Amino acid sequence: MHRGEPARPNVATSVILFLLVSGLCGALVAGLALPFAGLAGVTTAKAHDTVQYLPQDLQTAPLAQKSQILAADGSLIATLYQENRTPVTLKAISPVMQQAIIAIEDDRFYQHGALDAKGTLRALLRNQSKGSVQQGGSSITQQYVKLSLVAKARTTEEIQAATAETYERKVAELRYAIAIEKQYSKDEILNRYLNLAFFGDRSYGVEAAAMHYFGVHASKLNLPQAALLAGLVKNPTGYNPTNNPKRAKERRDVVLRRMQELNLISGKEARDAIKTPVLDPAKVRNVPSGCANSKYPFYCDYIVAALKDNPAFGKTTEDRENYIETSGLIVRTSLDPKIQKAAQASVDKHSKPTDTAVAAITIVEPGTGLVKAMAQSRTYGSKKGQTSYNYNVEKSYPGGFGGFQNGSTMKAFTIAAAIGAGVPMTYRIASPQTIDLSNKKFSTCGGGTTEDPDYKPKNSTKTVADPSMIDAARASTNTYFLQLSQQIGLCPIATVAGKLGMYDAQTMEPLKQVVSYTLGPGLVTPLMLSNAYATFAARGIYCTPQVVTAVTSSRGKGVPTPGPNCKRALSPTVADGVNYVLQKVMEPGGTGAKLKFGKSDLAGKTGTTDDNLAVWFAGYTNRLAAASVVADADPKYTNLIGHTLNGKKMRDASGSGTAGPIWESAMQAALQGLPSSKFVQPDDKTIRGNVKDLPYLKGMPPAEAIARLMQLGFQAQVAPEPVDSDAQAGMVAYTTPRQEDGAPAGAMVTLHLSNGSKAQPPTPPPTPPMTPPTINLPPGFPTCPPWDPKYPNCRRGR
């Protein structure tokens, strides 16, 4: 014997102890006594160890409960569970249900301790005489112990150990049962048992079973209903009334007759209950589990993904998933059913699930980041025409599609960067329909540059030859914004985009700083874009997207969860300036003019990618921001022209005409009933920008004009084509930007030279003796004929 070990009893004592314990505690298999021959393989030491070294207290696992995900108005989005269970107190369980379970499982429950020797022997004799299992040999306390051990088991080995029909397990159950009887009252044990027991059809606990089979709470169960449930615990699958009503009725009637034997009910009550149909199929209530059964499956999946990112729910993804599905959480979210309905109705109005093109839209609340709605055209599922992809979110989330190239909606970030750099909204750049930017250097973050050896972009719309920033935004002039991005550099634009949550939705990396950055450099999602535009509406306050607003435990206590995460990303004046420019897009002549509605100020931007692989519209008010997209989501990705949308073959694809109507219908319905709102108008300094005056150069030779501009710190270039002007041919006709608008320090100024087509012919010299006319000049200038070349001061004075 090792030092420190307790003295072992002698062999005779151990054998007698084991025989008594195993025989009296119900060493039974499915209610039948094990043959004594089975004891031959059990050694004295094994029997002794089984009893001696077991822990005194049973460490029970918390009851697995279903968790619920709720919308902002408290309506149910989805239920998540491994075991459909709603724990209730004993007072919330009808007395007849308590009587029924005690009658069939342990009728002397309140008279005996952990072990009912009399009941065990009686069950043995009854079962042998009937030739089948009519009564169990274990007490309710022992059954509770067994159920608790199974509930606590996490591995296959643990489950097998908890259910093995062995002497060791029976003895262990008895040891635990003795501890349970010391720790809890009989009522507490019965209550725990009724909440833990399995009643079939994924219904755990009597409350969930009552609601499932009969549509009533456990407190309202009547006699035949209680008898049915009491009979189920012995064999929840075999006696399941939904699958085998005949066997279920036979078992229920056994319970009713036992209750009559015990004088718990009268003979008439038993007979009446036996005549009652076992189940009304119309009243059976299933509790769907998981997001696939939700009314909002894609949004639900996104919520669950967000929950699994929360370290408060466990160290690993598996731990968090188990916690979410078993802890009875109440998860409150930002989904607004009214806005969600508006979004989905708009998608359904303008597209169909069977289209080859897909449509999607996300709506966000500015200033909070609350994601109010996500909708898309293809429905959730694995059948043909269905999908498990969420087209609104990044690929980092399970089911996230990973975005589409967003085209000219990126110009908003160029506008923000330009206004932040002091570029006036009136700043003009010569913007031909096609421009050659081959090998032109664009500065990037870190002091480097990028270029494209063969890049000759063109405009998809027509605009004035030298548009201002506002003009270019209204017409979505590519050549203007490409030149603007070259002048201010790509780094300021990329910095703004990064602060506003824009990154590649496939790789999760920053968007690549390429020459065409302002036209959409990577793949982004409706969620990202709507939330970024919401920052403009919130006057520069960026908030990370938020779908989970609160989580409470089954006891009503708050569970730590990330809250609003908002910070200033742009100055209010810059945001006001962007709103001012994008508001003009919605005015007559702008690409978004046809989408304007209501009395609120609206701002927005269209987006069309090369080859029409995707078209966008992103827009906002002070209250809501949304981004809609129509795209080809099936490899090989092809031009939308020829795809079907809303059941019809597409002959055109544009941000305003294709994605825009989805945005318009959704936003119009979502904003209905809300007060109108206005943007804050930018101050004059924001509109005019931080500019320097340009000199008056009209009529000046180009070389002299360039020298003058460079002397003042500007860059200069000559436009390739002369223009109609009244200036002398070959001389400066005007500049871009215009002299009256000024230009930012170091800006590129384009000189437009006159072709002389509108120049006035020289005045013929008068015939003598006419006296030449005189002109009044400032002091210091002589009075002389203005046409006489001998008087340079006169010419200078003119």
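Me: Why are S21 and strand S22 (residues 748-753) described as paired?

Reply: Four bridges link S21 and S22, in the antiparallel sense. Strands pair if DSSP finds at least two bridges between them, so four bridges satisfy the criterion. Tyr734, for its part, stands opposite His752 in S22. The labels follow DSSP runs numbered from the N terminus, with at least four residues (H or I) for a helix and at least two (E) for a strand.

Me: On what basis are these values given?

Reply: This is a predicted model, in which local features need pLDDT of at least 70 and side-chain atom pairs count only at pLDDT 80 or more, while totals for chains, interfaces and linings use all residues. Residues are numbered from 1 along each chain as its sequence is written, and side-chain values use heavy atoms, with hydrogens and water left out.

Me: What makes strand S20 (715-718) and strand S21 (732-736) edge strands?

Reply: The open sheet has the order S20-S22-S21, with mixed pairing. S20 and S21 each have a single partner strand, so one side of each lacks a neighbour in the sheet. Neighbouring strands here are turned by 30° against each other on average, direction ignored; the axes are lines fitted to C-alpha atoms, for helices over the stretch in contact, and angles run from 0 to 180 degrees between N-to-C directions.

Me: Which strands stand at the edges of the open sheet of four strands?

Reply: That sheet has the order S4-S3-S5-S13 and mixed pairing. Strand S4 (76-80) and strand S13 (548-552) each have a single partner strand, so they stand at the edges. The twist averages 15° from one strand to the next. Strand S5 (residues 330-333) runs antiparallel to S13, joined by four bridges, and Arg332 stands opposite Ala550 in S13.

Me: How do you know that strand S6 (residues 357-364) is mostly covered?

Reply: Eight of its eight residues are buried, a term that means under 20% relative accessible area (exposed is over 50%, partly exposed in between; 1.4 Å probe, protein chains only). Ala357, Ala359, Ile361 and Ile363 lie on one side and Val358, Ala360, Thr362 and Val364 on the other, and all are buried. S6 runs antiparallel to strand S17 (residues 625-632) over eight bridges and to strand S7 (residues 371-376) over five. Ile361 has Ser628 as its bridge partner in S17 and stands opposite Ala375 in S7.

Me: Why is Gln183 called neither buried nor exposed?

Reply: Gln183, in helix H7 (residues 167-183), has 45% relative accessibility and therefore counts as partly exposed. Its side chain makes a polar contact with that of Tyr184 at 3.2 Å. A polar contact is a pair of N or O atoms within 3.5 Å; within protein, one must be able to donate a hydrogen and the other to accept it, and residues adjacent in sequence count only if both atoms are side-chain atoms. The contact joins two side chains at 3.2 Å, so it qualifies.

Me: How do the residues of the lining of the largest pocket divide?

Reply: There are 17 nonpolar, 11 polar and five charged residues. Ala, Val, Leu, Ile, Met, Phe, Trp, Tyr, Cys and Pro count as nonpolar, Asp, Glu, Lys and Arg as charged, and the others, Gly among them, as polar. Helix H5 gives the most to this lining, with five residues.
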